[in-house]
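Hi,

Here is the structure I promised to pass on. Have a look at it first, and then read my notes below.

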Amino acid sequence: MTGKVVVITGATSGIGRVAAEKLAGLGARMVVIARDQARGAATLGRLRSINGSAKHTIHYADLSRISEMKRVAAEVVAAEPRIDVLINNAGALFGSRHLTEDGLELTFATNHLAYFVVSLGLLDRLRASAPSRVINTSSGAHEKARLDFGDLQSEEAYQGTLWDTLRYGGPGFKAYALSKLCNILFTRELARRLEGSGVTVNCFHPGFVDTRFGDESGGLISWGLRAAKHLAISPEKGAATLVYLASSPEVAGVTGRYFFRCRPVAPTRQAQDDRAARALWQESERLSSLVGVLPPSPAS
Ligand SMILES: NC(=O)c1ccc[n+]([C@@H]2O[C@H](COP(=O)([O-])OP(=O)(O)OC[C@H]3O[C@@H](n4cnc5c(N)ncnc54)[C@H](OP(=O)(O)O)[C@@H]3O)[C@@H](O)[C@H]2O)c1
């Protein structure tokens with residue numbers, strides 16, 4: 001990875017933190033997008049101590065806000081003449097429903113729309129730097145999702161019927177599962193639109209990983225996840241597939257796939273629904289006002 005520039009979100013903690021440190025150790029120069037100044041500074045300090053000769057940098061943004069997603073993408077583009085890898089990894093689970101300043105449900109905005117807007121913002125750099133890679137952190141939680149275009153903002157999801165509680169395990173998980181399904185649909189549609197460009201796009205499930213994930217979700221969710229985390233794998237194991245997708249020559253030409261334990265696996269049928277992926281793309285374009293930045297390819 002020496003000489004490669006890797007842009008990563010969610011590197012101040014958990015899976016992203018370990019992946020950023022491993023990639024820096026392999027020689028990459030890391031460009032971190034973070035929201036918290038103290039955790040951001042600590043992350044940068046660790047990266048510099050691992051590989052001081054690479055000029056790692058940091059940009060700050062709250063990735064739940066569309067204006068911030070766009071601003072930080074433009075800032076990175078202005079600072080970086082080439083980008084070899086983009087890792088969309090920041091994500092969270094919320095115990096109750098919140099709306100962002102854009103009127104979007106917070107999980108959808110942070111876990112899906114930020115991936116979409118940041119990727120489109122960096123697209124010209126990624127294309128000009130080809131061969132390059134985009135990697136999206138998804139989750140096995142997508143298996144429980146149901147894509148309902150009438151309820152993308154999860155108004156019903158948070159109402160918490162008994163059936164939902166039994167099926168998903170609690171309020172918030174339904175919206176979370178939906179956002180992780182969106183990650184796979186977005187990966188496949190972006191890969192199709194970028195076919196032949198030399199930019200590959202893949203996503204992965206890290207496993208159930210002992211990170212800060214869920215700690216700030218609130219109420220029973222945080223309590224339940226904390227209790228379950230003694231069954232979770234380490235962040236080092238959770239980051240292994242991400243590091244592999246970012247750095248291995250084995251996946252140089254592979255695109256549009258969903259990985260688990262460094263192997264491509266089939267996501268659910270719904271995650272392979274190409275019409276749904278196109279419709280989600282169009283809705284994401286509309287919500288972010290980024291219509292027509294990357295038109296469909298003949299393969300789409
Ligand atoms: N842990 C698991 O079992 C598991 C399983 C499947 C998938 N995943 C996925 O893995 C990814 C990483 O999660 P993790 O487990 O490593 O959790 P984590 O330790 O909580 O890390 C989440 C990262 O996302 C950042 N983030 C959250 N909201 C943000 C926002 N609005 N703006 C900017 N950055 C934001 C956090 O920043 P701060 O440091 O400022 O909070 C942190 O760096 C997520 O996409 C998650 O859905 C996790």
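Let's start with the surroundings of the ligand: by class, its shell is made up of 11 nonpolar, 13 polar and six charged residues. Before you go further, please keep in mind that this is a predicted model.

In total, 30 residues surround the ligand, and the closest of them are Thr12, Ser13, Arg39, Tyr176 and Thr211.

A few polar contacts are worth finding on your screen. Arginine 39 places a polar side-chain atom 2.6 Å from one of the ligand's oxygen atoms. Threonine 211 also has a polar side-chain atom by a ligand oxygen, with 2.7 Å between the two. With asparagine 89 it is the backbone that matters: an N or O atom there lies 2.8 Å from an oxygen atom of the ligand.

How much of the ligand does the protein bury? Taken alone, the ligand exposes 890 Å², and 96% of that is buried by the protein. As for where to look, the ligand sits in the largest pocket. Three elements each give two or more residues to the shell around the ligand: α1 (14-25), α4 (106-128) and α6 (173-193).

I also went through three single residues.

- Histidine 56 belongs to the loop that runs between α2 (37-50) and β3 (57-60). Is histidine 56 buried or exposed? Its relative accessibility is 1%, so histidine 56 counts as buried, the cut-off being under 20%. If you want a distance to check, the C-alpha atoms of histidine 56 and glycine 45 are 9.3 Å apart, and the two residues are separated by 11 residues along the chain.

- Serine 222 is part of helix α7, which covers residues 219-228. Serine 222 has a relative accessibility of 4%, and therefore counts as buried too. Its side chain reaches the backbone oxygen of glycine 214 at a distance of 2.6 Å.

- Alanine 246 can be found in helix α8 (residues 235-247). With a relative accessible area of 2%, alanine 246 is buried. Which residue did I pair with alanine 246 for a C-alpha distance? I took valine 134: the two are 112 residues apart along the chain, yet their C-alpha atoms are separated by 8.1 Å.

If you only have a minute, I'd go to the ligand in the largest pocket and then to the contact from arginine 39 at 2.6 Å.

Cheers

Notes: Residues numbered from 1 in each chain as written. Predicted model: local features only at pLDDT ≥ 70, side-chain atom pairs only at ≥ 80, totals over all residues. Heavy atoms only, no water. Near = heavy atom within 4 Å. Polar contact = N/O pair within 3.5 Å; in protein donor to acceptor, adjacent residues only side chain to side chain. Areas by Shrake-Rupley, 256 points an atom, 1.4 Å probe, with all protein chains shown as cover. 1 Å grid on protein atoms, 1.4 Å probe; cavity = no way out; pocket = protein on both sides within 12 Å on 5 of 7 lines; lining within 4 Å. Sits in = over half its atoms within 2 Å of the grid points. Helix = DSSP H or I, 4+ residues; strand = E, 2+ residues; numbered from the N terminus. Nonpolar A, V, L, I, M, F, W, Y, C, P; charged D, E, K, R; others polar. Buried < 20%, exposed > 50% of the residue type's maximum accessible area, 1.4 Å probe, protein only.
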